[in-house]
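Here is a short tour of one protein model, written for anyone new to reading structures. Keep the sequence and the 3D view open side by side as you go.

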Amino acid sequence: MIEQKFSPHGFKALGVFNIEANDNIPVDGGVSAVLIGNYGREMFECYASQRSPLTQSMDEWTQATIDPIAKELNATALYPFTTPPMPFQKWARRAKAGRQSPLGLNIHPVYGMWHGYRAFLVFDRKIELDVPAGDEHPCFGCADTPCLTACPVEAFDGVQYDVEKCGGHLMKVASMDCHNKGCASRLACPVGEEYAYTAEQMQFHMTAFSNSVWK
Ligand code: B12
Ligand code: SF4
Ligand code: SF4
C-alpha cells in the first residue's frame, strides 16, 4: 500500500522502526517511522520527467511529491534537507536500512552506496513493511577496504571525512574524474555496483555537492 503510492515517482520504502523516546522524533504521538528513499537510477529518471517547472530543485520536487501522499496516508513527513538537519543517518540505521561504513556514509546490504534518503513518514500507528534488511554488516570481511584508498587526496581516514580536502580538490582541473564519473571512494565499493548511478546522475550529484559546499 505505502510502496504503491511512492513507486510512480521512483521512491521506495527502505525501512521502518518503532519510535522510542530517545529517537527524538519531533512528532507528538509518533509510533512508527518509515524511511522513504531511492536506490539505483529510477528516481532520477522520474525527477527528470516529472519536475515542474524545469527549475524545480530535487528537494522541492521531493517535498511537492511526498507532502500530498503523506496527507493521504495520515502521516507527517520529515525531510533530510531542513535546517537544522535531523539525524537521518542515525534514524536510517534504526530502520535497518543500512550500516555505517568506513566512509561515514551508511551502506545498504543490497544497494551499497547507491541509495539516498528523501523523507521519514511518521505514523500514529504501527506499520510493518517487508524490506530487505540483511543481518550481516556488508563491510564485514572486506579486507582491502578499497573505498579508503581510492580518493586522490585521501579525504577519508576511516574515522572522518575531510570536507576541506575533498572540496579543495574539486576546485582543481585534476578533479575532472570526480566531476565526470563521481566520487572515486564511493565507486570503489563493490557492494551493489549494479545499482550505481549513470554518469549523468553522478554529475548531477557532484554539482549539487560542490554548490552546497562552495555557495
Ligand atoms: C551536512 C551534510 C553534508 C555535508 C557534510 C559536512 C561534514 N561535516 O561532513 C556535505 C555538504 C559536505 C555533505 C556531502 C555529501 N553528502 Co551529505 N548530508 C548532509 C546532511 C544535509 C546533514 C548531516 C547532518 O548534519 N546531520 C545531523 C547530525 C546531528 O547528524 P550526524 O550524523 O552527526 O551528521 C554528520 C554526518 O551526517 C556527516 N556527513 C554528512 N554527509 C556526509 C558525507 C560523508 C561522505 C561523510 C563521511 C559524512 C557526512 O556530517 C554531519 C555533521 O558532522 C545529511 C542529511 C541529513 N539530514 O542527515 C546529508 C547526507 C548525510 N549526505 C549524504 C550524501 C550521500 C552525501 C554525499 C556523499 C553525496 C552528495 N549529497 O552529494 C556528499 C559527499 C561528497 C562526495 N565526496 O561525494 C546522504 C548520506 C546517505 C547515506 N547512505 O548515508 C545524506 C543522508 C543525504 C540524503 N538525503 O540521503 N553532506
Ligand atoms: S569498500 Fe568494503 S569497507 Fe568500504 S564501504 Fe564497501 S564493503 Fe565497506
Ligand atoms: S569526490 Fe573526489 S576528492 Fe572528494 S572524496 Fe570523492 S574521490 Fe575524494
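Where is the place of Pro53? Pro53 sits in the loop between helix H2 (42–50) and H3. Before going further, please note that this is a predicted model.

**Backbone features in the loops**

Why stop at particular loop residues? Most residues other than glycine have a negative phi, and most peptide bonds are trans. Here are four places in this model to look at.

| Place | Feature | Value | Loop |
|---|---|---|---|
| Ser52 to Pro53 | cis peptide bond | omega near -5° | between H2 (42–50) and H3 |
| Thr83 to Pro84 | cis peptide bond | omega about -5° | between S3 (76–78) and H4 (88–94) |
| Asn74 | positive phi | about 60° | between H3 and S3 |
| Thr145 | positive phi | about 35° | between S6 (115–123) and H5 (163–170) |

Asn74 is not a glycine, yet its phi is positive. Is Asn74 buried or exposed? With a relative accessible area of 54%, Asn74 is exposed, because exposed means over 50%. Thr145 is not a glycine either, and its phi is positive too. At 26% relative accessibility, Thr145 counts as partly exposed, because that value falls between the 20% limit for buried and the 50% limit for exposed.

**Helix H3**

Now follow the chain along helix H3, which covers residues 58–72. How many residues does H3 have? H3 has 15 residues. From its first C-alpha to its last it reaches 22 Å, close to the 21 Å expected at 1.5 Å a residue.

Which residues of H3 are buried? They are Met58, Trp61, Thr62, Thr65, Ile66, Ile69 and Ala70. Try coloring these in your viewer. After H3 comes Asn74, the exposed residue from the table.

**Around ligand 2**

Finally, turn to ligand 2. How many residues surround ligand 2? There are 13 of them, and the closest are Met113, Cys139, Cys142, Cys147 and Cys189. The shell divides into 11 nonpolar residues, two polar and no charged.

Where does ligand 2 lie with respect to the domains? Domain 1 (2–123) and domain 2 (146–214) both give residues to the shell, so ligand 2 lies between them.

To revisit the tour, begin at the cis bond from Ser52 to Pro53, move along H3 to residue 72, pause at Asn74 in the loop between H3 and S3, and end at ligand 2 between domain 1 and domain 2.

Methods
Residues are numbered from 1 along each chain as its sequence is written. Chains are lettered from A and ligands numbered from 1 in the order in which they are written. This is a predicted model: local features need pLDDT of at least 70, side-chain atom pairs count only at pLDDT 80 or more; totals for chains, interfaces and linings use all residues. Side-chain values use heavy atoms; hydrogens and water are left out. Helices (H or I, at least four residues) and strands (E, at least two) are DSSP runs, numbered from the N terminus. The expected span of a helix is 1.5 Å times one less than its number of residues. Buried means under 20% relative accessible area, exposed over 50%, partly exposed in between (1.4 Å probe, protein chains only). A residue is near a molecule or strand if one of its heavy atoms lies within 4 Å of it. Ala, Val, Leu, Ile, Met, Phe, Trp, Tyr, Cys and Pro count as nonpolar, Asp, Glu, Lys and Arg as charged, and the others, Gly among them, as polar. Domain bounds come from an automatic or database domain assignment.
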